[in-house]
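Visitor: I am new to this structure and would be grateful for a close look at a single part of it. Please choose one stretch, explain how it is held in place, and then follow what surrounds it.

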Amino acid sequence: MKTIRNIAIAALIAVTGVAPALAQNAVQNGNFSAGLTGWDTYGDVTVLGQTQRAVLTTASTFDDDDGLGAGFNNNSGVSPLDFSFATNLAGVPVTNLDIGGYATEGSAIRQSFAATAGDLVTVSFTWAFLSLENAANDYGFVALNNSVVKFVDSASVPLASIFTGTFGDFNNVSWNWSTNTFSYVANSSGLQSFSLGVVETGDYSLTSELRVDNISVQVSPVPEPESYAMLLAGLAGLAAAVRRRRA
């Protein structure tokens, strides 16, 4: 029994080496309880509501929504980045944001974390999207380095929320929240750039807003071949000991 117990311990050590637990959240302040601390911001970004959620918009500080006042729904006093002048948004080249049309402006948040080439990076966040658009001109995206994924746009069915007068705040608006999870494999070692944002394509009019919360980035190292060999050897030894014990 002692031999079997020793082999079992060895096998457990091997398993631990092959399948390490996911790291703690690799980004700081993922629930925005400390405002925007730890986040780089681009364009119109702020934290609103008692539940402290990040709010990103395509709202300019001037009049760009027909029939609505100048600066409608601009929360920070800073306009979205104008891609006629900016070459990137949160480190993502503007050309990578030409999804479904020519990207014109946008706002985003970004944070960096460490990873090793081959690591599995799992990103999770909750979001709500609302827009004055009725076409797919505005969208929300998530990006790791320059790899961009659009996860919602202003023509999505069903759209999270559509308004014609005012977006209001959490106590006055019916919000539909969703949770998305994406996985990437880090293609290089060192700091990785993670960003979330909202982009407008085709024009500069009609405001859209992306709200995000509960952002989690987990980095799981990919096991080395030697670790698999240790696991197989440990399990094989355990199986052989069990057979001998039964005999």
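Guide: A residue is called buried when its relative accessible area is under 20%, exposed when it is over 50%, and partly exposed in between (1.4 Å probe, protein chains only). The model is predicted, so local features need pLDDT of at least 70 and side-chain atom pairs count only at pLDDT 80 or more, while totals for chains, interfaces and linings use all residues. Residues are numbered from 1 along each chain as its sequence is written, and side-chain values use heavy atoms, with hydrogens and water left out.

The part I propose is strand 9, residues 138-144. Strands (E, at least two residues) and helices (H or I, at least four) are DSSP runs, numbered from the N terminus. Seven of the seven residues of strand 9 are buried, so the strand is largely enclosed by the rest of the structure. Its side chains point in two directions: Asp 138, Gly 140, Val 142 and Leu 144 go one way, and Tyr 139, Phe 141 and Ala 143 go the other way. Both sets are buried.

Strand 9 has pairing partners, among them strand 13, which covers residues 190-201. Two strands pair if DSSP finds at least two bridges between them. Strand 9 and strand 13 are linked by seven bridges in the antiparallel sense. One of the residues involved is Asp 138, whose bridge partner in strand 13 is Glu 200.

Strand 10, residues 147-153, also pairs with strand 9 in the antiparallel sense, here over six bridges. Val 142 of strand 9 has Val 149 as its bridge partner in strand 10. These two strands form a hairpin with two residues between them. In that hairpin, Asn 145 takes a positive phi near 55 degrees.

From here the view may widen to the charged pairs. A salt bridge is a side-chain nitrogen of Lys or Arg within 4 Å of a carboxyl oxygen of Asp or Glu. By this rule there are three salt bridges. One of them joins Asp 153 to Lys 150, with the closest N and O atoms 2.8 Å apart. Its members differ in exposure: Asp 153 is buried because its relative accessibility is 11%, whereas Lys 150 counts as partly exposed because its value is 32%.

Another salt bridge is made by the side chains of Asp 213 and Arg 53, at 3.3 Å from N to O. Asp 213 lies in strand 14 and Arg 53 in strand 3 (residues 53-57), so this pair ties together parts that are 160 residues apart in sequence. Asp 213 and Arg 53 are both buried. The side chains of Arg 211 and Glu 209 also meet in a salt bridge, at 2.5 Å from N to O, and both of these residues are buried.

The backbone at Asn 145 has counterparts in other loops. Asn 73, which is not a glycine, has a positive phi of about 65 degrees. Asn 73 sits in the loop between strand 3 and strand 4 (81-82), and its relative accessible area of 14% makes it buried. Ala 90 likewise has a positive phi, near 55 degrees, in a residue other than glycine. This alanine, Ala 90, belongs to the loop between strand 5 (88-89) and strand 6 (92-93), and Ala 90 counts as buried because its relative accessibility is 0%.

A contrast is offered by Val 222, found in the loop between strand 14 (208-220) and helix 2 (225-246). Val 222 counts as partly exposed, at 46% relative accessibility.
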